[in-house]
Amino acid sequence: LKGAARTLGSLSGVDDFPPYSHSIERICSSLKVATVPFGGVADRLKTAGFAVGAQPFEKTGLKTDAEYGDVVGAVRSVS
């Protein structure tokens, strides 16, 4: 039960996003670039006007209202 509060807290706001998430690690792998930091990708997307949040059950996952192509573009610009 000790980790329950942290897990439940990480779910706050998740339902404000579409039901899917994007894996930065998988996108980087498909682009054949080193994994980029979550914060850099999130900042690029926020600057472009998108909402961004962490995917609570995936280390490099992010939830956003951006389209996949926008996320890939943000990853490219950070790498």
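Accessible areas here come from the Shrake-Rupley method with a 1.4 Å probe.

**View 1. The whole protein chain of the predicted model.**
The accessible surface of the protein chain comes to about 5,100 Å². Carbon and sulfur atoms hold 54% of that surface. The chain has 79 residues, and 29% of them count as buried. Its secondary structure consists of four helices and three strands. Along the sequence these elements follow the pattern α-β-α-α-β-β-α. Among the contacts in the chain with a separation of 6 or more, 62% join residues that are 24 or more positions apart.

**View 2. The open sheet of three strands.**
The strands stand in the order E1-E3-E2, and the pairing is antiparallel. E1 and E2 are the edge strands, each pairing on one side only. E1 and E3 are joined over two bridges, and His-22 stands opposite Leu-62 of E3. Strand E2, residues 52-54, pairs with E3 over three bridges. Here Val-52 has Thr-64 of E3 as its bridge partner.

**View 3. Strand E3, covered on both faces.**
Gly-61 and Lys-63 lie on one side of E3, and both are buried. Leu-62 and Thr-64 lie on the other side and are buried as well. Leaving aside neighbours within four places in sequence, Leu-62 is in contact with nine residues that can be listed by name: Ser-21, His-22, Ile-24, Phe-38, Val-41, Leu-45, Val-52, Gly-53 and Gln-55.

**View 4. Helix H4 and its buried side.**
H4 spans residues 68-78, and Val-71, Val-72, Ala-74 and Val-75 are buried in it. These four residues lie on the same side of H4, because they cover an arc of only 160° around the axis. Gly-69 and Arg-76, on the other side of H4, are exposed. The cover over the buried residues of H4 includes strand E1 (22-23) and strand E3 (61-64). Helix H2 (24-31) and helix H3 (38-47) are also part of this cover.

**View 5. Helix H3 and what it packs against.**
Val-41, Ala-42 and Leu-45 are the buried residues of H3. Their arc around the axis is only 100°, so they sit on the same side of H3. These buried residues pack against the helices H2 and H4 and the strands E2 and E3. After H3 comes Gly-49, which has a positive phi, near 95°.

**View 6. The largest nonpolar core.**
This core has 14 residues. Those with the most contacts inside it are Ile-24, Val-36, Val-41, Leu-45, Leu-62 and Val-75. At least two residues of the core come from each of H2, H3 and H4. H4 gives the most, with four residues. Several of the residues named here also appear in other views: Val-41 and Leu-45 are buried in H3, Leu-62 is buried in E3, and Val-75 is buried in H4.

**View 7. Thr-60 in the loop between E2 and E3.**
Is Thr-60 buried or exposed? Its relative accessibility is 18%, so Thr-60 counts as buried, the cut-off for buried being under 20%. The side chain of Thr-60 reaches the backbone nitrogen of Glu-25 at 3.3 Å. Not counting residues up to four places away in sequence, Thr-60 touches His-22, Ser-23, Ile-24 and Glu-25.

**View 8. Gln-55, in the loop between E2 and E3.**
Gln-55 counts as buried because its relative accessibility is 17%. Which residues does Gln-55 touch, not counting those up to four places away in sequence? They are Ser-21, Gly-61, Leu-62 and Lys-63. Gly-61, Leu-62 and Lys-63 are buried residues of E3. Between Gln-55 and His-22 there are 8.3 Å in space, C-alpha to C-alpha, and the two are 33 residues apart in sequence. His-22 is the residue that stands opposite Leu-62 in E3, and His-22 is also touched by Thr-60.

Technical notes
Residues numbered from 1 in each chain as written. Predicted model: local features only at pLDDT ≥ 70, side-chain atom pairs only at ≥ 80, totals over all residues. Heavy atoms only, no water. Buried < 20%, exposed > 50% of the residue type's maximum accessible area, 1.4 Å probe, protein only. Arc of directions from axis to C-beta. Contact = heavy atoms within 4.5 Å. Pairing = 2+ DSSP bridges. Polar contact = N/O pair within 3.5 Å; in protein donor to acceptor, adjacent residues only side chain to side chain. Core = buried A, V, L, I, M, F, W, Y, C linked by side-chain atoms within 4.5 Å.
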